[in-house]
Amino acid sequence: MKISNPIKDSIGETLFITLYMKSLESKKKNPIINDPKACDLVSYINYDFSKYKDAIRSSVGVAVRTKHFDGIVKSYIEDHYDPIVVSIGCGLDTRYYRIGSLAKKAIFYDLDIDEVIKLRRQLITPAENNYYISSSMLDPKWMDKLKEKHPSGDFIFIIEGILMYFEEEEVKSVFQNLASKFSKSEIHFDIVNEWLSKNSHIHDSVKHTNAKFKFGTNDDKLFEKYSRFLVHTKSYLYSDFKEWKRVGLLKNFLMQVIPRYKYAGRMLSYIIK
């Protein structure tokens, strides 16, 4: 029996985009990612996923982004003594399972708003080293609790597919709070540019929801201005990845030569000093 969609929040609903794209990719020949659990979850939920079936850029983009962040998390776990992996705006992501046995060497926290975490609990039973946090990312109380629980932990924060839906002042507050509480940690996240932040109505998947982009920047070092402890280390363009060619010849060409398309979406890496 399928579970009816309980998500009323417009931003929360976007979790179905990323979930569906991971399932679509996993069913392809030579997939960019392999996420059988995402395929199972799609089959359990009564939701009209078909409205996203032609969103090729989202399909490839989500897969590229997922593989990229999975790789970063794997490397972090291997390189740190007490790794704490925090996914902010986790939705129904199953990174814990995608990275395999390495996940047992870290502690995972998945954070999202209450209605999303309730759905997550219905569908995904957490492993013994995987915990769910029901909270807005804007409320710093969850940060204080994590810091209190793991005073010497090595923290890595993944903020995936969420920042563009908030106002800049809200985004700024999240980064300032993280910077003030988690020294010697890492933050990895994705953003859109100013042009795309004003044009979510033409985004191939978001246009089918009530969610709207609010924040975008053309400056990858913008977050350094939020706190003297934040340091930009690297930026990644989707077109940097060989798998991006799967969007098709024309779309790939446009991403290579037209700046507003080329820099429409990026993935950034920051450290907290």
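Biologist: Where does Lys184 lie?

Modeller: In this predicted model, Lys184 sits in the loop between α8 (168-181) and β7 (185-192). Its phi is near 60 degrees, a positive value in a residue other than glycine.

Biologist: Is Lys184 buried or exposed?

Modeller: Exposed means over 50% relative accessible area. Lys184 has 70%, so it counts as exposed. Asn30 can be read in the same manner. Asn30 is not a glycine, yet has a positive phi of about 55 degrees. Asn30 belongs to the loop between α2 and α3, and with a relative accessible area of 57% it is exposed.

Biologist: How many residues of α2 are buried?

Modeller: Of its 12 residues, 10 are buried, so the helix is mostly covered. Among them are Leu15, Phe16, Ile17, Leu19 and Tyr20. Charged residues appear in the list too, including Lys22 and Glu25. The cover over the buried residues of α2 includes α1 (10-13), α3 (36-44), β2 (45-46), α4 (56-79), α5 (95-98) and α6 (114-123).

Biologist: What span should helix α2 have?

Modeller: The general idea is a fixed rise of 1.5 Å a residue. For the 12 residues of α2 (residues 15-26) that gives an expected 16 Å, and the end C-alpha atoms are 17 Å apart, which agrees.

Biologist: What describes a pair of aromatic rings?

Modeller: The distance of the centres and the angle of the planes describe such a pair. The count here comes to 23 aromatic pairs. Take Phe215 and Phe223: the ring centres are 6.2 Å apart and the planes stand at 85 degrees, so the pair is edge-to-face. Phe215 is buried, at a relative accessible area of 4%, and Phe223 is buried at 0%.

Biologist: Which parts does the pair of Phe223 and Tyr270 tie together?

Modeller: Phe223 and Tyr270 are also edge-to-face, at 5.7 Å centre to centre with 75 degrees between the planes. Phe223 lies in the loop between α9 (194-197) and β8 (230-237) and Tyr270 in strand β9 (residues 265-272), so the pair links parts 47 residues apart in sequence. Both residues are buried. Together with Phe175, Phe189, Phe215 and Tyr226, they form one aromatic cluster.

Biologist: Which residues make a nonpolar surface patch?

Modeller: Leu250, Phe253 and Val257 make one of about 320 Å². As general background, an α-helix has 3.6 residues a turn, so residues three or four places apart point the same way. Leu250 is placed in helix α10 (residues 249-257), and it counts as exposed at 59% relative accessibility.

Definitions and conventions: Residues are numbered from 1 along each chain as its sequence is written. This is a predicted model: local features need pLDDT of at least 70, side-chain atom pairs count only at pLDDT 80 or more; totals for chains, interfaces and linings use all residues. Side-chain values use heavy atoms; hydrogens and water are left out. Patches are made of residues with over 30% relative accessible area and no salt bridge: like charges are joined within 9 Å, nonpolar side chains (Val, Leu, Ile, Met, Phe, Trp, Tyr) within 5 Å. Accessible areas come from the Shrake-Rupley method with a 1.4 Å probe; for residues, only the protein chains shown count as cover. A salt bridge is a side-chain nitrogen of Lys or Arg within 4 Å of a carboxyl oxygen of Asp or Glu. Helices (H or I, at least four residues) and strands (E, at least two) are DSSP runs, numbered from the N terminus. Buried means under 20% relative accessible area, exposed over 50%, partly exposed in between (1.4 Å probe, protein chains only). The expected span of a helix is 1.5 Å times one less than its number of residues. Contact means heavy atoms within 4.5 Å. Rings of Phe, Tyr and Trp (its six-membered ring) pair if their centres lie within 6.5 Å; planes under 30 degrees apart count as stacked, over 60 as edge-to-face and the rest as tilted.
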